[in-house]
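Trainee: Can we go through the helix packing in this model? I want to know what lies behind each label.

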Amino acid sequence: MESQAKKKNAKLEKLSVFAKQNKNSLIRYGLLIAVLLVFSVSTNGRIFSRFSVSSIISQLTPLMIMCVGLMFVFAHGNIDIAEGAVLAVCALTSIQIVNALGGSAGGGFGTAGGVLLAFLVCVAICELLYIGNIVISTKFRILSTIGSLAIMFTARGLVTYFVSQTMSGFKLNTTASVAIFREQWFMLLVMILVAVVGWFAFTYTKLGKYDRAIGDNALSAEQSGARVNAVKYVCYAIAGFCVALASMFYLARTGSVTQNFGQGREMDVMIALILGGMYLSGGSKSRMSAAIVGSVTYVILTNGLSQLGIADMYVSLIKGIIFLVMIGATLRRQSS
C-alpha cells in the first residue's frame, strides 16, 4: 500500500512540475480548446459553418499579421497603442492613391500598380512613424509608449479632420481594385507566410534571441553582444511593415474610411497576445505562438459571442473583463 501511495505521489509531483514548467503553453492551448468546445456546443456547430469560417479568416488575417509584427515590440518590453490610428492613416492614403491612379471599374494602372504603390507608401508611412518613435525614445530617453500615444492622437486627429471635410468619409471608386485582399486563398497564403517567417525569425535568429534578452535585462543583453538600440529599430521596422500590410486587408473589407476606422484595434492586439499567454513585460518566456494562437482564440471568441446574439456593447464588456483577468493572472505568475 505504501509503495502504491509513493508511486501515486511521485506521479502527482511529476504532473505538478510539468504544469509549472509548461503553464504558459497549457494556458495558451487550453484556452483555445476551451473556446472551440464552448462555442461548438453553444452554437450547435454554426461556428464551423462555411460562412462562419470565411468570416473568421477575413477577421483573423489582419489581426494575426499585426500580432506577429508587434510581438517583436512587446517581447523587449515596449508597448504600442498607435496601430489603430496608423491603420486609418494608411487606409485613407491608399484610397487617395488608388482613386487618383485610375482605380475605377475600367481597370487601368490603379487596379494593380496603384494598389502596389499605395501599399509601398503605407509601408513608408508606418516605417517613418514606428522607427521615428523608437529613435526619439532612445535618443531622448523617454518611454516609447509616450511616443506611441503622441502618434495615436496625431494620426487620429488627421483622419478626423480630413473625414470631417466630407459628408460620408472617403471611399474607393471601386472595391474591385483591392479584390485580391478579399480572396480567401490570398488571405490564408499571406497569413501563413507571415506567421511562419515571424516564428522562424523570432525563435531561431539572433534578432529574436536578443529581442527576448532585452526584455529580461537590457544591460545583460548588451554585455552578451546585443546592440540594444539596433535590435529595437529592426523590431519596430518589422512591426511597421506588418501594420501597413494589415491596413490593406482592413480597407478591402470596408472599402471606405470613416472617423472610427481602426478604432479599438490596439486593444484587439493586446487582448489576443494576452490570451496567447504573453507577458506584457516581454522577456525570454515570450513565444511567437502567443501571437498566432492568441489571435485565433480571440477571433473565434468574438465570432462565437456574436453568433449567440450578444450585443456589441456586452461583447466589449466581456473582452475588457477577459483582459483584466488575464493581466491579473500574468502578474501573479510573474511574482511567483
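Mentor: We will take the labels in turn, and keep in mind that this model is predicted.

Trainee: Why are H4 and H6 called oblique to each other?

Mentor: H4 covers residues 83-100 and H6 covers residues 144-164. Their axes come within 8 Å and cross at roughly 40 degrees. Roughly parallel needs an angle under 35 degrees, and roughly perpendicular runs from 65 to 115. The angle fits neither range, so H4 and H6 are oblique. The crossing of these two helices is left-handed.

Trainee: Which residues make H4 and H6 meet?

Mentor: On the H4 side, Gly84, Ala85, Val86, Ala88, Val89 and Leu92. They meet Ile151, Met152, Ala155, Arg156, Val159 and Phe162 of H6. By class, this contact has 10 nonpolar, one polar and one charged residues. Gly counts as polar here, so Gly84 is the polar one.

Trainee: What makes H3 and H10 roughly antiparallel?

Mentor: The axes of H3, residues 50-75, and H10 cross at roughly 170 degrees. The cut-off for roughly antiparallel is over 145 degrees, so the label holds. The two axes come within 7 Å. Contact residues of H3 include Pro62, Leu63, Ile65 and Met66. Those of H10 include Ile238, Ala239, Cys242 and Arg253. The residues of this contact divide into 17 nonpolar, four polar and one charged.

Trainee: How do you know that the span of H10 is close to the expected one?

Mentor: H10 runs over residues 228-254 and has 27 residues. From its first C-alpha to its last it reaches 39 Å. At 1.5 Å a residue, 39 Å is expected. The two values agree, so "close" is justified. After H10 comes Gly255, with a positive phi near 75 degrees.

Trainee: At what angle do H4 and H10 pack?

Mentor: At about 65 degrees, with their axes 9 Å apart. This crossing is right-handed. H4 contributes Glu83, Val86, Leu87, Cys90, Ala91, Ser94 and Ile95. H10 contributes Val243, Ala246, Ser247, Met248, Tyr250 and Leu251. The classes are 10 nonpolar, two polar and one charged.

Trainee: Why is the pair Arg265 and Asp268 called a salt bridge?

Mentor: Their closest N and O atoms are 3.2 Å apart. The cut-off is within 4 Å, so the pair qualifies. Side chains of opposite charge can pair when their charged atoms come close.

Trainee: Where do Arg265 and Asp268 lie?

Mentor: Both lie in H11, residues 265-275. They are three residues apart, about one turn of the helix. The structure holds one salt bridge.

Notes:
Residues numbered from 1 in each chain as written. Predicted model: local features only at pLDDT ≥ 70, side-chain atom pairs only at ≥ 80, totals over all residues. Heavy atoms only, no water. Axes fitted to C-alpha atoms, helices over the stretch in contact; angles between N-to-C directions. Helix = DSSP H or I, 4+ residues; strand = E, 2+ residues; numbered from the N terminus. Left-handed = near helix turned anticlockwise from the far one by under 90°. Contact = heavy atoms within 4.5 Å. Salt bridge = Lys/Arg side-chain N within 4 Å of Asp/Glu carboxyl O.
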